Protein chains: 2
Amino acid sequence: MQNKDRPSRRITAAQVAEAAGVSRSAVSRAFTAGAYLDRAKREKILKVAQELGYRPNALAAGLQAAGRSDLVAIVTGDLVNHYDAEILARLVQSLRGLGKWPVVLGGHEDLREEDVLGVLGYPLDALILRGGSVAESVALHCAKLNIPMILSGRVMTAPGVDCVCCDNARGAAMAVRALVARGRRKLGYLGGVPHLSSDQDRRTGFEAALAEEGLSPAVLAHADYSFEGGYAAARDLLAGGAEIDGLFCANDAMALGVMAAARQEGGLSIPEDLSIIGFDDISMAAWPGFDLTTVRNDMDQTVSQILRLLSARLEAPGKDNEVAWIEPELILRGTH
Amino acid sequence: MQNKDRPSRRITAAQVAEAAGVSRSAVSRAFTAGAYLDRAKREKILKVAQELGYRPNALAAGLQAAGRSDLVAIVTGDLVNHYDAEILARLVQSLRGLGKWPVVLGGHEDLREEDVLGVLGYPLDALILRGGSVAESVALHCAKLNIPMILSGRVMTAPGVDCVCCDNARGAAMAVRALVARGRRKLGYLGGVPHLSSDQDRRTGFEAALAEEGLSPAVLAHADYSFEGGYAAARDLLAGGAEIDGLFCANDAMALGVMAAARQEGGLSIPEDLSIIGFDDISMAAWPGFDLTTVRNDMDQTVSQILRLLSARLEAPGKDNEVAWIEPELILRGTH
DNA sequence: CAGTTATGTGAACACGTGTTCATAGCATTC
DNA sequence: GAATGCTATGAACACGTGTTCACATAACTG
């Protein structure tokens with residue numbers, strides 16, 4: 001039916017060669033920096049190529065030098081969480097700086113493990129996994145395929161797997177000490193999904209720091225990391241008559257929800273009636289009207305460490321796995 | 001230096017064939033649904049493949065049947081804008097439903113046109129471009145490469161380019177009428193980047209609707225689509241003594257910033273002293289504490305239209321270009 | 001001038017797949 | 001029993017590129 005030279009096919013180097021009256025090799029060389037090629041010839045080829053709209057097929061090129069496809073998969077957390085969205089933006093930008101192309105997965109609630117495994121069909125330079133519960137299974141497959149994996153927000157010990165993680169327990173302890181220093185004694189913890197290690201670490205850090213002060217938790221609750229979840233949890237706590245004067249939340253979004261509920265449903269003043277500290281330091285936390293005291297889980301550091309580990313791994317694929325710890329920092333604003 | 005059969009190379013179909021004692025063709029057939037292959041043989045091959053951790057190389061497979069690489073590039077807007085982040089999340093999820101892999105670009109302020117052109121090196125099934133100012137130039141290159149392009153948030157007439165766009169002027173008019181119905185007469189417009197057509201359309205729609213009511217704009221200002229920008233703009237307006245009783249903002253983030261500034265810097269009550277209406281209806285607009293009246297730029301509809309146009313284009317590459325209009329909807333909450 | 005080195009060039013190969021082609025065995029049909 | 005159709009299989013090809021190889025030619029060097 002269709003012509004053999006149907007225009008819907010992409011222009012190929014051979015066609016450029018024919019049009020320019022040179023060999024196909026010359027065309028390839030024209031697009032390869034530092035290749036031996038007569039200057040005038042190269043210019044002519046590039047001109048013809050531009051006219052025809054030719055561009056070397058990256059798929060074919062990637063097939064060539066196995067082990068450098070320049071594709072990097074990113075499995076991101078739910079983008080409704082602003083922390084994940086901001087991390088992703090920085091990650092995409094930085095990867096481009098390294099000449100890599102990011103293939104993005106996830107970003108919504110229900111990430112299918114099947115999809116993550118599917119992307120491994122591509123000879124990825126690396127897989128960057130943010131948090132998530134599928135890490136173990138994915139790491140196994142990555143190992144067999146010799147695809148480096150970088151885990152962010154969690155620690156895992158496996159060959160070829162590097163990790164970037166915030167010292168969650170320490171961050172939680174900083175929050176506790178700040179609350180205690182303000183005279184708060186009846187402290188609660190509002191966690192997220194309990195089976196995530198980051199949540200567990202923040203909770204145990206909270207409890208340990210509390211114990212050091214000779215205190216015990218007044219409340220241990222959990223929601224779903226969302227503003228709405230934090231709002232609902234706080235409303236339930238207030239309705240249940242929970243007596244707390246300070247609340248440490250496992251992320252900023254929930255903390256903001258708690259603030260809204262405390263003010264609107266409970267008629268409380270913050271921080272007079274209730275101190276609140278969040279975690280992450282998303283850009284929203286600094287907004288006037290929120291002015292949230294929080295534990296910074298530094299995004300710039302996280303991303304730059306991810307990129308450092310990535311570069312190191314690409315340079316020495318067999319090197320020992322490494323864990324880069326991000327030091328939390330307490331950002332004092334107006335809610336504690 | 002390194003062994004020819006060094007383990008750092010990906011397992012290939014030929015190796016599986018040798019290990020299973022079959023031909024390489026058989027291995028390929030084992031992974032191809034509906035191919036003639038003895039059932040026992042297929043099972044054996046799949047078993048050996050799993051043991052070796054073999055997975056067909058998607059790059060080589062994509063090279064095979066030209067025109068179906070299953071790669072789709074998404075050029076997203078700044079992910080600090082929650083609207084773009086939420087759209088991206090939905091887009092990524094939906095594309096996976098179509099079996100496509102999204103390569104994501106942008107997400108930050110300074111998108112380099114060079115990057116967008118670079119991704120065209122891959123034989124993309126399509127390029128999805130959100131807003132942006134690089135559309136014309138990119139469309140030209142896409143046309144030459146026969147890569148379908150879908151533009152969202154803007155309209156452009158070019159062969160092979162389909163568009164999804166909100167009726168911005170109509171949305172602005174809805175906001176104006178709602179404000180006038182509330183008795184507001186001194187209305188201002190706070191726009192975003194003035195050279196974007198979406199901003200222009202919202203502004204002209206604002207002015208036209210105002211003219212229909214026999215009014216003229218009290219203020220025409222603009223910021224950068226961010227909360228901080230909205231805050232600063234509102235502060236300046238207040239300091240400059242601008243007399244307005246209603247403000248229509250070109251997106252929700254700025255509207256929220258304006259609210260914060262009006263309350264904190266100007267001591268104003270909303271909506272008693274100043275009515276505010278935003279645009280987009282990001283999830284944050286519904287948060288208690290904000291409760292922002294806004295013009296919904298429906299994300300689900302936008303994404304589903306993008307996917308519909310994508311499917312149609314893939315099915316019939318030569319079909320006429322199409323523009324899908326999204327009808328804006330006024331969401332009445334507490335700030336107008 | 002002979003000898004070495006640097007520069008150009010096209011043919012051929014390799015990358016790893018999906019698919020066509022030709023062939024063969026086997027079962028079913030008339 | 002011959003003819004037909006279906007299933008199964010390996011060899012060979014095509015996809016589009018980067019790079020090596022072999023071989024020229026030109027430019028230096030002593």
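**Two chains around two DNA strands**

Let me begin at a single residue of chain B, Asp291(B), which is partly exposed, because its relative accessible area is 35%. Before going further I should say that what we are looking at is a predicted model. Asp291(B) is found in the loop between strand E9 and strand E10, the latter covering residues 294–296 of chain B, and its phi is positive, about 50 degrees, although the residue is not a glycine.

Turning to chain A, Asp291(A) sits in the loop between E9 and strand E10 (294–296) of that chain, and there phi is near 50 degrees, again a positive value in a residue other than glycine. Asp291(A) counts as partly exposed because its relative accessible area, 35%, falls between the 20% under which a residue is buried and the 50% over which it is exposed.

A little earlier in the sequence there is a feature of the backbone to point out. In chain A, Ile270(A) and Pro271(A) are joined by a cis peptide bond with omega at about 10 degrees, and Pro271(A) belongs to the loop that runs between helix H11 (252–264) and strand E9 (275–280). In chain B, the peptide bond from Ile270(B) to Pro271(B) is cis, with omega near 10 degrees, and Pro271(B) lies in the loop between helix H11 (252–264) and strand E9 (275–280) of chain B.

Let me now move to the DNA, starting with strand C. Which residues come closest to DNA strand C? This strand is surrounded by 25 residues, and the closest are Arg29(A), Ala13(B), Arg24(B), Ser28(B) and Tyr54(B). Of the atoms of DNA strand C that come within 4 Å of the protein, sugar and phosphate account for 55%.

Bases and phosphates of this strand both appear among the polar contacts. A polar side-chain atom of Ser25(A) lies 3.2 Å from a base nitrogen of DNA strand C, and a polar side-chain atom of Gln64(B) is 3.1 Å from a base nitrogen of DNA strand C. On the phosphate side, an N or O atom in the side chain of Thr12(B) is 3.0 Å from a phosphate oxygen of DNA strand C.

As for the elements involved, helix H2 (24–30) and helix H4 (58–64) of chain A, together with helix H2 (24–30) and helix H4 (58–64) of chain B, each supply at least two residues of the surface near DNA strand C. The largest share, 4 residues, comes from H2(B). Sorted by class, that surface has 8 nonpolar, 9 polar and 8 charged residues.

For DNA strand D, there are 25 residues around the strand, and those that come nearest are Ala13(A), Arg24(A), Ser28(A), Tyr54(A) and Arg29(B). Here, too, sugar and phosphate make up 55% of the strand's atoms that come within 4 Å of the protein. An N or O atom in the side chain of Ser25(B) is 3.2 Å from a base nitrogen of DNA strand D, while phosphate oxygens of DNA strand D are 2.9 Å from an N or O atom in the side chain of Tyr36(B) and 3.1 Å from a polar backbone atom of Asp38(B). Which helix gives the most to the surface near DNA strand D? That is H2(A), with 4 residues.

I will end on the protein surface, where Val155(A), Val323(A) and Trp325(A) make a nonpolar patch of about 250 Å². Val323(A) is placed in strand E11 (residues 323–326) of chain A, and Val323(A) is partly exposed, because its relative accessible area is 33%.

Notes
Residues numbered from 1 in each chain as written. Chains lettered and ligands numbered in written order. Predicted model: local features only at pLDDT ≥ 70, side-chain atom pairs only at ≥ 80, totals over all residues. Heavy atoms only, no water. Patch = residues over 30% accessible without salt bridge, like charges linked within 9 Å, V, L, I, M, F, W, Y side chains within 5 Å. Areas by Shrake-Rupley, 256 points an atom, 1.4 Å probe, with all protein chains shown as cover. Salt bridge = Lys/Arg side-chain N within 4 Å of Asp/Glu carboxyl O. Buried < 20%, exposed > 50% of the residue type's maximum accessible area, 1.4 Å probe, protein only. Near = heavy atom within 4 Å. Polar contact = N/O pair within 3.5 Å; in protein donor to acceptor, adjacent residues only side chain to side chain. Nonpolar A, V, L, I, M, F, W, Y, C, P; charged D, E, K, R; others polar.
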